[in-house]
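Let's take a walk through this model together. Have the sequence and the 3D view open as you read.

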Amino acid sequence: MTQTRFDRSLLFDSSPPAATVVHDVGLLLLRLVVGLTMAGHGTMKLFGWFGGPGLTATGKGFTMAGYPAGDAMAVIAGLSETLGGLGLALGLLTPLAGAALTGVFINILDVRGLDAYFPPKGVELEVVLFASVVALTLTGPGRYAADHYLPVLRESRPRYSLLALLVGAVVGFIVLLIRD
């Protein structure tokens, strides 16, 4: 029996994997749908667009959910969703966008609870969106993205992606700690 050894270069190799046009179009489609969905949710919180509650009502919701300074938390969440979503959609600073959205989703899942996966009180949509954000952060945005033109991100994607997800998770959990 032969034992295979884990090759670290698979995780930290700076050369981009061979990609096809179909692969990049698939990533573009996923980035646009997930990113614009998140940006839309953020603008609902910040500006009341798309029938959203706006900043005042969102701040009250954060206070009722046990967060201190509900209005400030509403601004932070709204900006994280809007800017993280737009960054994801454009493929601009994708690891940073993934970090912002990771922190948001950790808090969303905690507030919503994990008692049920499917409707009416389930979190299946949040889990699918969160998994999509993590997958896009890890795989990168593809060639049809602003990051493709930023050499520092193109050359060290795995390191930046893992670090960004870790930072987003740590910040998300720190925010949970200040919640009543």
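We'll go from a helix contact to an aromatic pair and then to a single valine.

First, some ground rules: this is a predicted model, so to speak, with local features needing pLDDT of at least 70, side-chain atom pairs counting only at pLDDT 80 or more, and totals for chains, interfaces and linings using all residues. Residues are numbered from 1 along each chain as its sequence is written, and side-chain values use heavy atoms, leaving out hydrogens and water.

Start with helix α2 (residues 21-47) and helix α3 (residues 54-64), whose axes lie 5 Å apart at an angle of about 95°. Helices here are DSSP runs of H or I, at least four residues, numbered from the N terminus; axes are lines fitted to C-alpha atoms over the stretch in contact, with angles from 0 to 180 degrees between N-to-C directions. That makes α2 roughly perpendicular to α3 (65 to 115 degrees). In the contact (heavy atoms within 4.5 Å), M44, K45, L46 and F47 of α2 meet G54, L55 and T58 of α3.

F47 also has an aromatic partner: F47 and W49 form a tilted pair, 4.9 Å centre to centre with 35° between the planes. Rings of Phe, Tyr and Trp (its six-membered ring) pair if their centres lie within 6.5 Å, and tilted means neither under 30 degrees (stacked) nor over 60 (edge-to-face). W49 is partly exposed, at 47% relative accessible area; that class sits between buried, under 20%, and exposed, over 50% (1.4 Å probe, protein chains only).

Finally, find V170 in helix α8 (residues 157-177). V170 is partly exposed too, at 45%, and its C-alpha atom is 9.6 Å from that of I106, 64 residues apart along the chain.

Key
Helices (H or I, at least four residues) and strands (E, at least two) are DSSP runs, numbered from the N terminus. Angles under 35 degrees count as roughly parallel, over 145 as roughly antiparallel, 65 to 115 as roughly perpendicular and the rest as oblique.
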